[in-house]
Each structure stands twice: as structure tokens, then as C-alpha cells.
Amino acid sequence: MRRRASTSPALLGLLVCAGLTGLPLAGCSSDQPSTVAVAPSVEGAGADAARAVIETAAEAHGGLAALRAAAEWVAEVRRHQRGESYVVTSHYRPGMVRMEQDLGDGARSADVIGHPHCWGMDGPVSIPCSDETRENDRPRVIMEMAVQIWPLLEDDWELLDVVGRAVDGESYDVVTARYLPRDSVARLTFDGETHLLRRIAVDGVKHGVSGTHIHDFSDYRDFCGVQMPARNEKSFEGETWVAEDVLELDCRPVDQSLFLRPPQVEEGTLVATPE
């Protein structure tokens, strides 16, 4: 797999103090590198300029046709969370993710997030998402779609604007877009030179606290003929809560039935996920 150069994670972290994420600037020290507003990498302003940035990014990631062809996949992903490291199998369709983990002795857990399906399973126990869980997961679902780039040019998205920023000589294009089905605004940061997606920020809540969810993308690799980030660090209000590394990824059709919650039969009776 070929790799392209990536911006250092440390520099990406500076975008918080550069005001590119919507996070409060309080706590940013005076020794942070200088940040200045610059012209974006495209001419014009508003929605047309934002669209031009997305179209350029689509080409940098492999082209619209190839991106759409890679819209469904299955991946082995190592997650680093709360001091632990474990591997999950992720099944992805646009707007839907199912993560499975081997619990041993043939038992598996499963978590499905997306719209409209959202539920979890621990062994044979199937649990629907609460309204709170759905709202906690809303930014993540939106970002999982936006990272594929091509959905941003579809009718479900409204491109609003783009601004340019420079941090210590490194330039970035920051596109603001709205996901219409959930009335949610996302801010997408693209490398001004490579045009690869580096960060997505969406405001939301986590465990009852309002703030900004951020996904930072790096370690771009060629999967299925397109450039995809093999590293995704997820944070809330500046605190990383999980980091994910893609170990293997195979683009293939993913059956929609995988995202349907298994029905419970008679009251008090549990059924396992169909094989």
C-alpha cells in the first residue's frame, strides 16, 4: 500500500487554538504557533468555493467514481481505549456502522450506530439505544459519512462556506457544511497542499455535557483504490477517548440486515443474532 505524507498530529492539535474547530480558545498558551487567516486554495467564496474544495479533495482521495465504489466495506480495527487495546470487526454502509467483538467461547458483542438503526448486543442480550445514546452518537454518524467525501456532494448535504487558515506556514481549507436530515453543522479541515481530509468537528453532547466532537485523521493509505485514513483519533472537548487503527480493510457489499436489531420473541425470552 502506498502512503502519502501526513500532517503531524501535534500540528493538527494546534487547530483547536487556531479557532478551526469551534472549541473555546481558553487555555491556549501564548507559545502556540502563530495562526493567520489566508485565502483558501480556491477562488471565490461561499457555497461555490466550498464545493470546489470538496471536488478537489475528492480527486485527491481517488476520484468520485472510486470513492462511491468503496462506499461499503469490512475492516479489522484495533481500538485503544481506557488503557486497553482490542480488535473489533467493523461493517460499514453509508450512515451505518456495526462493530463486533469476540467475547470468547463463541459469544460476540455488537454495537450498531447510525440512522435510523441504533442498538447494542452483549451475547444474546439485545438493547435498543436510548434517545440520549442516539444524540451522543449523532456527531459520530455524521463524521463517518463525511470522511468518505462523496456524500458531501449529495442532496443530504448543504455546503455553506470555506475559509483559509495558516498555522506555522502550513495551510488548511476549512469547509462548513450542514447535514440536512439531522440539521447538524460539520466543520471539515483539509490540507491545503495535499487536499486530504485532516479533521472533522461537530457540536453535540457526551454523557449530558455539551461540547465539540472531533475526529482527527492521519496515516493515509490506499484501500480499494482510494486514499483512506488508517488512523482516527476521536476526542470530545479536547480529551481523546478512543484511537482507532485500521489493520485490514476489504471493500465489499455489506448486507443491510446486519444493522437490523434482532427481534425479541415472547416477553423475557432473548434471541441471538442470526448467523
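Modeller: A strand here is a DSSP run of E that is at least two residues long, and strands are numbered from the N terminus. Keep in mind that we're looking at a predicted model.

Colleague: Okay, so what makes β13 stand out in the lining of the largest cavity?

Modeller: Its share of that lining: β13 gives eight residues, the largest contribution. Other elements that supply at least two residues each include β2 (73-81), β3 (84-93), α4 (131-146) and β14 (239-251).

Colleague: Why is it called a cavity and not a pocket?

Modeller: Because a 1.4 Å probe fits at its points but cannot get out, whereas a pocket is an open set. The structure holds one cavity of 30 Å³ or more, and the volume of the largest is about 430 Å³.

Colleague: Which residues sit closest to the centre of that cavity?

Modeller: Trp-73, Glu-144, Val-147, Pro-229 and Val-246, out of 30 lining residues.

Colleague: How do you know what classes that lining is made of?

Modeller: Each residue is sorted by type: Trp, Val and Pro count as nonpolar, for example, and Glu as charged. The tally for the lining is 18 nonpolar, six polar and six charged residues.

Colleague: Switching topic, what makes a set of residues a nonpolar core?

Modeller: The members have to be buried residues of types such as Val, Leu, Ile, Phe or Trp, joined through side-chain atoms within 4.5 Å. The largest core here has 51 residues, and Ile-54, Trp-157, Val-175, Leu-188, Phe-190, Leu-197 and Ile-200 touch the most other members. Helix α2 (residues 46-60) brings seven residues, the largest share of this core. A second, separate core has eight residues, among them Met-96, Ala-110, Val-112 and Trp-119.

Colleague: What is Leu-197 in contact with, leaving aside its neighbours within four places in sequence?

Modeller: Its partners include His-61, Ala-146, Val-147, Ile-149, Phe-217 and Tyr-220, and Leu-188, Thr-189 and Phe-190 are on the list too.

Colleague: Why is Cys-224 called partly exposed?

Modeller: Its relative accessibility is 35%. Buried needs under 20% and exposed needs over 50%, so Cys-224 counts as partly exposed. Cys-224 is in the loop between β12 and β13, and its phi is positive, about 60°, although it is not a glycine.

Colleague: And what makes Glu-237 partly exposed?

Modeller: Glu-237 has 35% relative accessibility, so it counts as partly exposed by those cut-offs of 20% and 50%. Glu-237 lies in the loop between β13 and β14. Here too phi is positive, about 50°, in a residue that is not a glycine.

Key:
Residues numbered from 1 in each chain as written. Predicted model: local features only at pLDDT ≥ 70, side-chain atom pairs only at ≥ 80, totals over all residues. Heavy atoms only, no water. Buried < 20%, exposed > 50% of the residue type's maximum accessible area, 1.4 Å probe, protein only. Helix = DSSP H or I, 4+ residues; strand = E, 2+ residues; numbered from the N terminus. Contact = heavy atoms within 4.5 Å. 1 Å grid on protein atoms, 1.4 Å probe; cavity = no way out; pocket = protein on both sides within 12 Å on 5 of 7 lines; lining within 4 Å. Points joined across faces, edges and corners; volume = space filled by probe spheres on them.
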